[in-house]
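Welcome! Here is a friendly walk through a structure that may be new to you, told in questions and answers. Have a look at it first.

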Amino acid sequence: MSQAQDLARRWWFDVLVAALAIVAMLEVALGRGSPGAPQTTLWFCIPAIALLVPPIVARRSFPFAGPAVYWLLAAGISLIDPLLIPYTNALFPIGMADAFLLGNLRDVRRAVLGLAAVIGGSVIIVASIPGHSASQLALVPLEFTISWVAGVAVRERAVQAEAAESRATQAERERDTAARIAVAEERTRIARELHDIVAHAVSVMVLQVGAVRHKLPAALAEDREMLQGVEQAGRGALAEMRHLLDAMREDGERAELGPQPGLDRLDALLQDVGRAGLPVRLHVDGDPLELPRGIDISAYRIIQEGLTNALKHARATQAEVALDYAADQLGIEVSDNGHGAANSHGHGHGLIGIHERVKLYNGEMTTTSTSGNGFVLSARLPLNGYLS
């Protein structure tokens with residue numbers, strides 16, 4: 001069934017042209033002797049009509065030459081028998097379709113040459129008719145020209161549709177590329193933060209091991225040597241970690257001298273956003289917990305990004321931040337009364353960054369628009385396995 005549909009879709013036009021040609025042959029055969037009938041014999045008329053079909057069928061291989069040759073043949077036939085083409089009504093729609101094909105050519109130069117063939121051929125056909133009128137000489141070529149113009153219009157619309165599809169595809173590729181870059185940048189940023197946390201923890205352990213080693217009595221020389229080995233291994237790990245952090249920083253980026261911000265800096269963040277023109281209300285449910293440093297930093301960054309989006313992209317006038325401390329998770333919600341989720345690159349990439357942070361801790365993130373007015377960002381960071 002599918003193969004039959006493919007064949008019908010491919011050859012329906014050719015079959016229609018062939019059927020119209022057969023109808024034209026029947027018109028000539030059955031109308032012999034009637035007024036306006038062709039003057040030549042059927043031995044000329046039938047092959048002449050049949051000769052008009054192959055050029056149209058050949059349009060797939062010769063999109064310009066095939067339809068153009070149709071008009072050359074039609075004009076030549078009219079010079080031999082002036083009444084054959086005008087007498088057969090079935091050839092008129094074939095001529096209209098052929099003019100449409102020439103107008104539909106993608107090559108504008110060839111399309112214009114096709115118009116010349118249409119006008120020239122139709123003028124010769126009409127001019128060959130005995131007793132033709134001036135109106136016929138003007139109107140008949142005009143009708144075929146209108147069909148040619150219709151082909152041009154369809155071609156232009158198809159070109160515009162293809163261009164729009166191409167632009168959409170290109171934009172989609174650019175968005176995908178930008179999203180991948182945003183993910184890589186955010187992962188690098190998270191990795192730097194986590195490496196800072198680990199480096200700080202290792203530094204504390206090295207200092208504690210050194211302090212314990214210096215307090216051990218001389219009688220425990222073997223233990224002191226073991227602790228010294230641990231201390232040296234820790235210092236070596238710190239040196240390698242510093243090299244890694246330097247490699248992860250972009251060119252010209254300075255190392256951060258201060259600690260990474262956590263929820264202890266949340267009040268300062270809300271004040272900064274308020275001074276920038278977006279008042280923020282804070283709601284805290286549950287008893288605040290001492291969070292693992294990585295989750296603490298990620299929670300701060302999620303709120304920071306949510307408020308930045310509300311301030312820059314949503315045109316909000318009021319925002320709210322809600323923290324829900326539970327025994328097994330930390331809930332975060334940032335909402336505003338702006339124009340919903342923005343389609344800008346900054347907003348989209350900010351959400352990508354938040355998603356990466358939430359995914360790092362096997363959490364969940366959702367975004368919703370509230371009745372087309374406002375935007376809500378919700379995140380859940382599990383605490384199981386992180387709290388002692």
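**Contacts, helices and a pocket**

In the protein chain, residues 24 or more positions apart account for 73% of the contacts with a separation of 6 or more, where contact means heavy atoms within 4.5 Å. This is a predicted model, in which local features need pLDDT of at least 70 and side-chain atom pairs count only at pLDDT 80 or more, while totals for chains, interfaces and linings use all residues. Residues are numbered from 1 along each chain as its sequence is written, and side-chain values use heavy atoms, with hydrogens and water left out.

Q: How many helices and strands does the protein chain have?
A: The protein chain has 12 helices and 5 strands. Both are DSSP runs numbered from the N terminus: H or I over at least four residues for helices, E over at least two for strands.

Q: Why are α6 and α7 called roughly parallel or roughly antiparallel to each other?
A: The axes of α6 (residues 91-103) and α7 (residues 108-127) cross at roughly 155° and come within 8 Å. Axes are lines fitted to C-alpha atoms, for helices over the stretch in contact, and angles run from 0 to 180 degrees between N-to-C directions. Under 35 degrees counts as roughly parallel, over 145 as roughly antiparallel, 65 to 115 as roughly perpendicular and the rest as oblique. α6 and α7 are therefore roughly antiparallel. Ala99, Leu102 and Gly103 of α6 meet Ala111, Gly114 and Val118 of α7.

Q: What are the classes of the residues in the contact of α6 with α7?
A: There are 4 nonpolar, 2 polar and no charged residues. Ala, Val, Leu, Ile, Met, Phe, Trp, Tyr, Cys and Pro count as nonpolar, Asp, Glu, Lys and Arg as charged, and the others, Gly among them, as polar.

Q: How do α10 and α11 lie, roughly parallel or roughly antiparallel to each other?
A: Helix α10 (residues 266-275) and helix α11 (residues 293-312) pack at about 10°, with axes 11 Å apart. They are therefore roughly parallel. Leu266, Leu269, Leu270 and Val273 of α10 touch Tyr300, Ile303, Gln304 and Leu307 of α11. This contact has 7 nonpolar, 1 polar and no charged residues.

Q: Why does Ser147 count as buried or exposed?
A: Buried means under 20% relative accessible area, exposed over 50%, and partly exposed in between (1.4 Å probe, protein chains only). Ser147 has 9% relative accessibility, so Ser147 counts as buried. Ser147 is found in helix α8 and touches Met96, Ala99 and Phe100, not counting residues up to four places away in sequence.

Q: What does Pro93 count as by relative accessibility?
A: Pro93 is at 36%, so Pro93 counts as partly exposed. Pro93 lies in helix α6.

Q: Why does Asn362 count as buried or exposed?
A: Asn362 has 64% relative accessibility, so Asn362 counts as exposed. Asn362 is found in the loop between α12 (345-360) and β4 (364-369).

Q: What is the value of phi of Asn362?
A: Phi of Asn362 is near 60°, a positive value in a residue other than glycine. Most residues other than glycine have a negative phi.

Q: What share of the 388 residues in the protein chain do buried residues make up?
A: Buried residues make up 37% of the 388.
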